[in-house]
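The following exercises are to be solved with the sequence and the three-dimensional model at hand. Each task is followed by a solution in steps.

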Amino acid sequence: MVYADIYRLGASGMTINPKDKWLSPTGHQYSFSGYGGVSNCSICDKDTQVNEYDRRDGLVVFLCKKCEDGLKL
């Protein structure tokens, strides 16, 4: 789903800001969705505080600070 599609669908309370999109060295484009609470990181599986990101291919991932830094987000 493209950002214009999300905006057009009227995602309530969600702001679309181009500066919130990052292209990681792995080639995936990530968009910050917000604080994800305490959960397992999607990459390292550590149970810690995570942030929620939407990947351009539609996958929602939860990343800890260490993995965010590794992806240069």
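Two strands are said to pair if DSSP finds at least two bridges between them; strands (E, at least two residues) and helices (H or I, at least four) are DSSP runs, numbered from the N terminus. The model is a predicted one, in which local features need pLDDT of at least 70 and side-chain atom pairs count only at pLDDT 80 or more, while totals for chains, interfaces and linings use all residues. Residues are numbered from 1 along each chain as its sequence is written, and side-chain values use heavy atoms, with hydrogens and water left out.

**Exercise 1.** Determine in which sense strand β3 and β4 pair, and identify the bridge partner of Asn51 in β4.

Solution. Step 1: locate strand β3 at residues 47–55; its pairing with β4 is antiparallel and runs over four bridges. Step 2: within β4, Leu63 is the bridge partner of Asn51. Step 3: examine the connection, where four residues lie between β3 and β4 in a hairpin. Gly58, in the turn, has a positive phi of about 100°.

**Exercise 2.** Establish whether Val61 is buried or exposed, and which residues it contacts.

Solution. Step 1: place Val61 in strand β4, residues 60–63. Step 2: apply the accessibility classes, in which buried means under 20% relative accessible area, exposed over 50%, and partly exposed in between (1.4 Å probe, protein chains only). Val61 has 8% relative accessibility and therefore counts as buried. Step 3: assign the faces of β4; Val61 and Leu63 form the covered face, Val60 and Phe62 the uncovered one. In a regular strand, side chains alternate between the two faces of the sheet. Step 4: list the contacts (heavy atoms within 4.5 Å). Apart from neighbours within four places in sequence, Val61 touches Tyr30, Ser42, Asn51, Glu52 and Tyr53. The C-alpha atoms of Val61 and Ser42 are 5.8 Å apart, although 19 residues separate the two along the chain.

**Exercise 3.** State how many salt bridges there are, and describe the partners in each.

Solution. Step 1: take a salt bridge as a side-chain nitrogen of Lys or Arg within 4 Å of a carboxyl oxygen of Asp or Glu. The count is two. Step 2: Arg55 pairs with Asp57, with 2.6 Å between the closest N and O atoms. Arg55 is buried at 17% relative accessible area, whereas Asp57 is partly exposed at 49%. Step 3: Asp69 and Lys65 are joined at 3.2 Å, N to O. Because they are four residues apart in helix α2, about one helical turn separates them. Asp69 is partly exposed at 42%, and Lys65 is exposed at 55%.
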